[in-house]
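Let's take a friendly walk through a protein model. Have the picture open while you read.

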Amino acid sequence: MAEGTNKPGDTQDLTDGFHLLIDALKLNGVTTIYNVPGIPITDFGRMAQASGIRVLSFRHEQNAGYAASIAGFLTKKPGICLTVSAPGFLNGLTALAHATTNCFPMILMSGSSEREIVDLQQGDYEEMDQLAIAKPLCKAAYRILHAQDIGIGLARAIRAAVSGRPGGVYLDLPAKLFGQVMNAEAGKKSLVKVIDPAPAQLPAPAAVKRALEILKSAKKPLIILGKGAAYAQADEAIKTLVEKTGYPFLPMSMAKGLLPDTHPQCAGAARSTVLKDSDVVLMIGARLNWLLSHGKGKTWGDAPKKFVQIDIEPKEMDSNVEIAAPVVGDIASCVDALLAGMGSWPAAPAEWVNAVKAKREENVAKMAPRLMNNNVPMDYHGALGVLRTIVKERPDAILVNEGANALDLTRGVIDMYKPRKRIDVGTWGIMGIGMGYAIAAAVETGKPVLAIEGDSAFGFSGMEIETICRYKLPVCVVIFNNDGIYRGTDVNKAGDDPATTVFVKGARYDKMIEAFGGVGVNATSPDELKRAVNAAMDSGKPTLVNAVIDPAAGSESGRIGNLNPQSALKKK
Ligand SMILES: Cc1ncc(C[n+]2csc(CCOP(=O)(O)OP(=O)(O)O)c2C)c(N)n1
Ligand SMILES: [Mg+2]
């Protein structure tokens, strides 16, 4: 009888797929699984929970998947999402693709139906060739057919997720696998503990030298910090490098707080000036994708630029423009190598540093009075003015943020003070990450979470407020309720249906959380908003604040309205 098949009798000495997978996860330090139960993984979830792994059940797999993806970002270990076959798998797949695009380590483990029936397309329960579908959307995809391969299968998945450029990995677990039995001793021996899952990758000394020479020649240098830099957890080294150069730095959205936004070198409030006028740009874990206008065009001005780029992925170099000094390696090793090679470094060019500082101060001063307004109904700035102080007073809290205006204005207004405290829509500008991120942030860090959500954005994951209440998580959700997408003022020019971008006027989202025992507050003024959020952040009670925002306050697509295609016939 082959190993991995049922053998009646000697059950004392046997183990099975259920237990091997749990043992393999625990051996590799997995403490949390984000899942939605169902055939064929319900019992696995129960057993994992009984074994001491925290198994959190969501209301929709997409939210469980986003939770796993951001757990990966926050911890540098693969976040684990567990789904049922076909529809559950597909629901989780968006998050897996999102993790891959954002370079977050994540493993989507999905139950699947019987191979023999699936491959002959004979119509099994939830039949789908999941492995083939997952493959193009992730870094790696594996299927485990035999209990004795569970150890090696999980090891491969972990290593693929976290080594090199991190990303999403799919692990296919056919229903039959869970029940397969094998000798317990042999099973134990088959498990693999992954040693050094993300080995350091050192940059070539010549590449470091080239980079330093270019940086030294700069008249108008700039450092851009991407979320890769935040992920690296090389916070001290990065801070030392930035401060030793004295160069202005620009944090991308999720790199905010790596150094405080209030740091004297922070150029966040002078973004357009530094992008346009800089002559040498050091990119650390940031990519020249759409978020940085591909490194060319109007945003970057006419002044010739030289890019120095640190990235673990060699293919990233020259992806959009020529990279004068590619430094390929893991961020911690690359930053250490630059620091070691700097020696005594010349002071940053004073004229440039002062020009950036002046621009920053001018923009900050311009914004200040808007943040103090007490308008009712509130506009975004009035609401954000109070939330900004609340975050300043609680630098350890995690800020989750999604929406259009609700995203762009929050990013611009709310200063961050510590690394990895701001998590948002990421590379795709995706809606729906809100509640999944909030749950994982609370679970993984134990810190209070403030989620600032557009009313549309919230709708994508809103049902998970039940999950937040069920696990009693310290999450305060603030919904910027402007009656719709971008604005609540659109009208349908033909017929009685509401316009495509508007929702029910005066909706009371706060009442939703009351259904699950949470605290709901309707806030119509900055003062009410401040009181409600302060109370929530101090009590840690699941809270949802419906912040009533003037429906006319927002603009189309927030800050990226220019990306909308225009009809040539529009003005006819
Ligand atoms: C998954 C997904 N679907 C749709 C969109 C398109 N989209 C961009 S922003 C947005 C909602 C903006 O409205 P809201 O969240 O209320 O923010 P507001 O601008 O009104 O503050 C939508 C639907 C998206 N980015 N992602
Ligand atoms: Mg809205």
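What follows looks at a metal site, the nonpolar cores and a pair of helices.

Keep in mind that this is a predicted model.

Start with the magnesium ion (ligand 2). Which protein donors does the magnesium ion have? They are Asp455 (OD), Asn482 (OD1) and Gly484 (O), and they lie 2.0 to 2.1 Å from the ion. Along the chain, these donors follow the spacing D-x26-N-x1-G. Asp455 belongs to helix α19, while Gly484 is in the loop between β17 and α21, so the pair ties together parts that are 29 residues apart in sequence. Are Asp455 and Gly484 buried or exposed? Both Asp455 and Gly484 are buried.

Now for the nonpolar cores. In soluble globular proteins, nonpolar side chains tend to be buried together. Here, the largest nonpolar core has 58 residues, and Tyr34, Phe73, Tyr170 and Ile423 have the most contacts inside it. Another core lies apart from that one and has 37 residues, among them Phe18, Ile41, Ala155 and Ala161. Setting aside neighbours within four places in sequence, Tyr170 touches a list of residues including Phe89, Leu96, Leu108 and Tyr142.

Finally, look at two helices that meet. Their axes come within 8 Å and cross at roughly 45°, so α3 and α18 are oblique to each other. The crossing of α3 past α18 is right-handed. Here is who takes part in the contact:

| Helix | Residue range | Residues in the contact, including |
|---|---|---|
| α3 | residues 61–75 | Asn63, Tyr66, Ile70, Leu74 |
| α18 | residues 434–445 | Gly436, Tyr437, Ala440, Glu444 |

Note on methods:
Residues numbered from 1 in each chain as written. Chains lettered and ligands numbered in written order. Predicted model: local features only at pLDDT ≥ 70, side-chain atom pairs only at ≥ 80, totals over all residues. Heavy atoms only, no water. Donors = N, O, S within 2.8 Å, 3.2 Å for Na, K, Ca; no water. Helix = DSSP H or I, 4+ residues; strand = E, 2+ residues; numbered from the N terminus. Buried < 20%, exposed > 50% of the residue type's maximum accessible area, 1.4 Å probe, protein only. Core = buried A, V, L, I, M, F, W, Y, C linked by side-chain atoms within 4.5 Å. Contact = heavy atoms within 4.5 Å. Axes fitted to C-alpha atoms, helices over the stretch in contact; angles between N-to-C directions. Parallel < 35°, antiparallel > 145°, perpendicular 65-115°, else oblique. Left-handed = near helix turned anticlockwise from the far one by under 90°.
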